[in-house]
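Student: I have a structure open and I'd like to learn how to read it. Could you walk me through it, one feature at a time?

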Amino acid sequence: MAQALRLAERGQFTAHPNPMVGCVLVRAGEVVGEGWHRVAGEAHAEINALNAAGKNARGATAYVTLEPCSHHGKTPPCVDALVEAGVAEVVVGIEDPNPRVNGKGLTALADAGIRARVGLMQGDVAKLLSGFISRVTRGKPFVRLKMASSLDGCIAMASGESQWITGAEARADVQRLRARSGAVMTGIGTVLADDPSFTVRDASLDIGDKQPIRVVLDNDLRMPLSAEMLALPGKTLVYCINDTKQKALKEAGAEVVRVEQNEGQVDAALVISDLARREVNDVLVEAGPALAGYLVSNGLVDELVIYQSPHIMGSETMGMFRTPLWTELSDRKTLDISDIRRVGADTRITARVMD
């Protein structure tokens, strides 16, 4: 199953919106076939493993990270293929939370006389599929907020200068975060200040044509028609409250979506729900302190990824979060840190915001 997980991870940049899945076929103690799901619409992991095994699949045990599908989608059911190949047993990491599958694949295997077990390394599989599980079960993507700061928590000088706080290794690591995300979200302030592209530029990541959707929260459509992201391949979504200027922006290449306001600005919760309807599993937020503070204050962040550089930038600087007035210690947000590691000269902290 550990090998099946490693295989599944190969699809982290290309499988979405489908889940990452890996499969290993073992017969008489020997691996006879391996497979993973690369691109939505192409063969699933089980099919690739069965094709690799050929006749050796008969009597084998299939270790697969996610419950095999039992319905016709863009491809035929994997359960049917496993039954036809004559596998003896299927060991599953977790049940598929998708209501179209949930438990039905395991039942179909049992009905065909194939032993089926579920729960092996389920915590590791669930972590790998956090975005897919979030979208299917909660109706919203997994939201990951990335920040880069100095050791004293600053993200820019008072002038707005911020390039670059962290080193090349940390910036390369962010490319991987982008590549595994279905969308990158920011606020109009960041667009006006930096004119970012939010594309994956690291050719070694092999993303094919899977550039993330670019998402901008822009109350009054101040988005410049000359913004770099509008001229790039892929989709740019601009969410607004006032859409009176939408015609010109649409002609420039954006899709404009009007949503209700919350606290005088675009309701980010509605944006996140809309992205789920667009089959986005993971959202990476790269934004300034206003949007970052709003998301954290409103409980809309699932995970924080903070790249902290060993610099002290001083007091006349910009902090990471602009929040409502917090006056008591009880107002603070507690973090559950799951990982701390060096990335070049910088430190990457991964944490969950506690309720």
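Tutor: Sure. Let's start with a term we'll need: a residue counts as buried when its relative accessible area is under 20%, and as exposed when that area is over 50%, with partly exposed in between. Keep in mind that this is a predicted model. As a first case, take Glu 286: its relative accessible area is 7%, so it is buried.

Student: Okay. Which strands make up the sheet with 9 strands, and in what order?

Tutor: The general idea comes first: strands of a sheet pair through backbone hydrogen bonds, either parallel or antiparallel. Here, the order across the open sheet is 11-10-9-8-14-6-15-18-17, and the pairing is mixed. Strand 11 (255-258) and strand 17 are the edge strands, each with pairing on one side only. From one strand to the next, the twist averages 25 degrees.

Student: How do strand 8 and strand 9 run, and how many bridges join them?

Tutor: Strand 8 (residues 183-187) and strand 9 (residues 213-217) run parallel, joined by 5 bridges. If you want a place to look, go to Ala 183, whose bridge partner in strand 9 is Ile 213.

Student: Which helix lies across strand 6 and strand 14?

Tutor: That's helix 6 (residues 130-138), lying across strand 6 (142-150) and strand 14 (282-286). The direction of helix 6 is at about 130 degrees to strand 6.

Student: And what is the order of the open sheet of 5 strands?

Tutor: That order is 2-1-3-4-5, with mixed pairing. Its edge strands, which pair on one side only, are strand 2 (30-36) and strand 5 (115-118). Ignoring direction, neighbouring strands in this sheet are turned by 15 degrees against each other on average. Helix 1 (residues 2-9) packs on the sheet and touches strand 1 (22-27), strand 2 and strand 3 (61-66). Its direction makes about 145 degrees with that of strand 1.

Student: How many bridges join strand 4 to strand 5?

Tutor: There are 4, and strand 4 (residues 89-94) runs parallel to strand 5. One residue to click on is Glu 89, whose bridge partner in strand 5 is Arg 115.

Student: Now for charges. How many salt bridges does the count come to?

Tutor: Side chains of opposite charge can pair when their charged atoms come close. In this model the count comes to 17 salt bridges. Among them is the one between Asp 302 and Arg 138, with the closest N and O atoms 3.0 Å apart. This pair links distant parts of the chain, 164 residues apart: Asp 302 sits in the loop between helix 11 (289-297) and strand 15 (303-309), and Arg 138 sits in helix 6.

Student: Is Asp 302 buried or exposed?

Tutor: Asp 302 is at 15% relative accessibility, so it counts as buried. Arg 138 has 41%, so it counts as partly exposed.

Student: What does Arg 144 form with Glu 303?

Tutor: A salt bridge, with 2.7 Å between the closest N and O atoms. Here too distant parts of the chain are linked: Arg 144 is in strand 6 and Glu 303 in strand 15, 159 residues apart. Arg 144 is buried because its relative accessible area is 3%, and Glu 303, at 17%, counts as buried.

Student: Back to Glu 286. Which side chain does Glu 286 meet in a salt bridge?

Tutor: Lys 146, at 3.5 Å from N to O. Glu 286 lies in strand 14 and Lys 146 in strand 6, so this pair ties together parts that are 140 residues apart in sequence. Lys 146 has 15% relative accessibility, so it counts as buried. For something beyond pairs, look at Lys 235, Glu 255, Asp 274, Arg 277 and Arg 278, which are linked in a network of salt bridges.

Student: Where is Thr 14, and is it buried or exposed?

Tutor: Thr 14 is in the loop between helix 1 and strand 1. At 5% relative accessibility, Thr 14 counts as buried. Leaving out residues up to four places away in sequence, Thr 14 touches Arg 38, Val 39, Ala 40, Asp 206, Ile 207 and Lys 210. From Thr 14 to Asp 209 is 195 residues in sequence, yet 8.4 Å in space, C-alpha to C-alpha.

Student: Last one, the surface. Which residues make the nonpolar patch of about 270 Å²?

Tutor: Leu 335, Ile 337 and Ile 340. Ile 340 lies in strand 17 (residues 335-343), which is an edge strand of the sheet we began with. Since its relative accessibility is 53%, Ile 340 counts as exposed.

Key:
Residues numbered from 1 in each chain as written. Predicted model: local features only at pLDDT ≥ 70, side-chain atom pairs only at ≥ 80, totals over all residues. Heavy atoms only, no water. Patch = residues over 30% accessible without salt bridge, like charges linked within 9 Å, V, L, I, M, F, W, Y side chains within 5 Å. Areas by Shrake-Rupley, 256 points an atom, 1.4 Å probe, with all protein chains shown as cover. Salt bridge = Lys/Arg side-chain N within 4 Å of Asp/Glu carboxyl O. Helix = DSSP H or I, 4+ residues; strand = E, 2+ residues; numbered from the N terminus. Buried < 20%, exposed > 50% of the residue type's maximum accessible area, 1.4 Å probe, protein only. Pairing = 2+ DSSP bridges. Axes fitted to C-alpha atoms, helices over the stretch in contact; angles between N-to-C directions. Contact = heavy atoms within 4.5 Å.
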